[in-house]
Amino acid sequence: MFNSTCVARIMSCCIFIITLCIVSHTQASEEQKRPNILFAIADDWGWPHAGAYGDPVVKTPTFDRLAREGVLFQNAYVSSPSCTPSRGAILTGKYHWQLEAGANLHCIFPDKFETYPEILKAHGYQVGYTGKAWGPGRTETTGRELAGKRFKSFQDFLQHQKQGEPFCFWLGSSDPHRPYEAGTGVQSGMDLFQIKLPACFPDASVVRSDVADYYFEVQRFDKLVGDAMKSLEEKGELDNTIIFMTGDHGMPFPRGKSCLYDTGTRVPLAARWPEKIKAGRSVTDFVSLIDLAPTYYEAAGVKIPTDVTGRSLMPVLTNSKSGRITDNRDEVIFGKERHVPSQEAPDMGGYPCRAIRTDDFLYIHNIRPDRWPAGTPDYQHAAIPGTWYGDCDNGPTKTYMVENKNKDATHRRLYDLAFGKLPAEELYDLRNDPDQLQNVAASPMYEKIKAKLANELQQQLVATHDPRELGQGDELEKHPYLGGGPKHPSLEVKRKKRGKKQSK
């Protein structure tokens with residue numbers, strides 16, 4: 001027979017065990033509720049080349065679905081319009097100028113900077129990537145997995161996923177990076193006359209066809225993301241997955257990639273997360289892709305590291321309104337360090353510049369106006385032998401603009417805008433000049449607004465410890481460059497002929 005004391009002890013133990021089970025079950029449930037994260041990023045895909053933004057030619061049903069079932073960002077910008085620094089900024093949540101060697105293309109990524117996949121992995125997330133993640137370049141420690149383990153596809157990653165554990169996956173693609181297979185856009189049925197050419201391009205059939213070939217690869221990337229969403233649906237994980245879809249910078253055309261105009265820094269961005277995001281919203285807040293890392297941390301319940309510069313987008317995502325959501329997102333800053341060393345020998349530097357963008361203005365500070373913004377046209381004396389306008393990828397549009405620069409006044413003006421040297425300051429009044437073609441920095445009527453924007457930009461750069469504002473800018477150019485550069489067409493022809501001979 002048990003006495004009352006024994007019964008009380010037994011009951012106390014039972015209550016303790018039940019409580020432990022409830023707590024354990026609750027913790028397990030909370031663990032399962034942590035959302036998956038799918039980040040889809042294209043190589044060289046710029047704004048506004050998606051159906052959701054009103055482009056009449058390119059077909060992006062997946063991106064349009066994300067915008068329709070989630071939120072579409074109207075003012076999303078990269079930290080730098082160059083692959084390596086843009087991706088490094090996304091991974092760390094810091095501006096590229098805060099990443100030492102990582103501020104440059106084809107660099108060595110320093111060990112001292114942690115990435116969000118590494119941190120989420122330490123907090124129980126399964127991480128992985130496919131396609132292009134960080135780069136081009138190499139890590140200081142060989143074999144370091146900045147975006148997780150590489151998988152041959154997202155579907156392969158899902159097959160290796162451990163049941164009940166959240167995942168964070170980087171879905172990368174080399175599309176729409178050059179080179180393109182000429183004529184693919186036309187062959188796919190695109191109407192060249194319906195293409196809305198950027199105002200900085202001459203209107204020529206070769207240019208329209210080149211843009212169509214770019215669109216063709218944008219569509220291929222869109223299908224890749226669509227296949228990933230289908231796999232999530234089949235697995236029952238779609239609605240528990242935050243999906244962001246974007247590009248690492250603007251299109252690889254003159255005055256696009258590697259430039260600080262909207263054609264280089266503004267990117268498509270849409271997000272879907274049914275649990276938190278009200279469908280069908282369009283947001284005009286200015287956001288930087290460095291805001292994604294802290295957003296992922298907050299969504300995953302992970303403390304945001306103190307050295308992260310970006311600001312979580314959760315207040316924007318979870319708001320039910322459209323338009324301007326927060327008062328402190330009415331501007332964005334970005335810049336550029338060394339893309340390709342494309343000046344004349346022996347200068348192995350880049351074209352450092354910084355900018356601030358608001359609703360009405362774009363202000364750019366060109367730190368070394370003595371240098372060529374798009375690289376020297378004198379390939380015979382280039383720092384990297386044979387490099388021809390090295391900060392602009394080779395392609396039909398580039399070749400056409402250079403070869404026809406003296407055709408007429410329009411061609412000459414557009415050539416100068418894309419390849420000519422620039423003054424130390426540029427200012428564009430977007431109310432009258434949305435295409436950013438008329439530099440009004442020297443106009444007395446804009447003196448006050450120019451001074452205000454220059455001061456605001458400087459304050460933010462100082463606050464983020466930009467070496468250029470601290471008198472240490474040259475240190476950013478001392479890091480080794482591991483890549484090559486776009487060659488003059490005559491050298492490309494010789495290279496191809498040598499290749500054919502060697503293959504015989």
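This text describes a four-stranded sheet and several aromatic contacts in a predicted model.

The sheet is open, its strands follow the order S12-S13-S14-S15, and their pairing is antiparallel. Strand S12 (331–336) and strand S15 (425–429) form the edges, each pairing on one side only. On average, neighbouring strands are turned by 10° against each other, direction ignored. Six bridges join S12 to strand S13 (residues 353–358) in the antiparallel sense, and Glu331 stands opposite Thr358 in S13. Helix H13 (residues 447–463) packs on this sheet, where it touches S12, S13, strand S14 (361–366) and S15; the direction of H13 makes about 115° with that of S13.

Aromatic contacts form the second topic. The model holds 28 aromatic pairs. One of them is the edge-to-face pair of Tyr261 and Tyr428, with 5.9 Å centre to centre and 85° between the planes. Because Tyr261 lies in the loop between strand S8 (241–247) and helix H8 (262–265) whereas Tyr428 belongs to strand S15, the pair ties together parts that are 167 residues apart in sequence. Tyr261 is buried, at 5% relative accessible area, and Tyr428 is likewise buried, at 2%. Arg255 lies over the face of Tyr261, 3.7 Å from the ring centre.

A tilted pair is formed by Tyr415 and Phe419, with 5.2 Å centre to centre and 35° between the planes. Both residues lie in helix H12 (residues 409–419), four residues apart, about one turn of the helix. Tyr415 is buried, with a relative accessible area of 6%, and Phe419 is buried, with 1%.

Elsewhere, ring pairs link Phe39, Tyr116, Trp170, Phe244 and Tyr296 into a cluster. The charged end of Arg266 sits over the ring of Trp47, at 3.5 Å from its centre.

Conventions:
Residues are numbered from 1 along each chain as its sequence is written. This is a predicted model: local features need pLDDT of at least 70, side-chain atom pairs count only at pLDDT 80 or more; totals for chains, interfaces and linings use all residues. Side-chain values use heavy atoms; hydrogens and water are left out. Two strands pair if DSSP finds at least two bridges between them. Helices (H or I, at least four residues) and strands (E, at least two) are DSSP runs, numbered from the N terminus. Axes are lines fitted to C-alpha atoms, for helices over the stretch in contact, and angles run from 0 to 180 degrees between N-to-C directions. Contact means heavy atoms within 4.5 Å. Rings of Phe, Tyr and Trp (its six-membered ring) pair if their centres lie within 6.5 Å; planes under 30 degrees apart count as stacked, over 60 as edge-to-face and the rest as tilted. Buried means under 20% relative accessible area, exposed over 50%, partly exposed in between (1.4 Å probe, protein chains only). A charge sits over a ring if NZ of Lys or CZ of Arg is within 6 Å of the ring centre and within 35 degrees of the ring normal.
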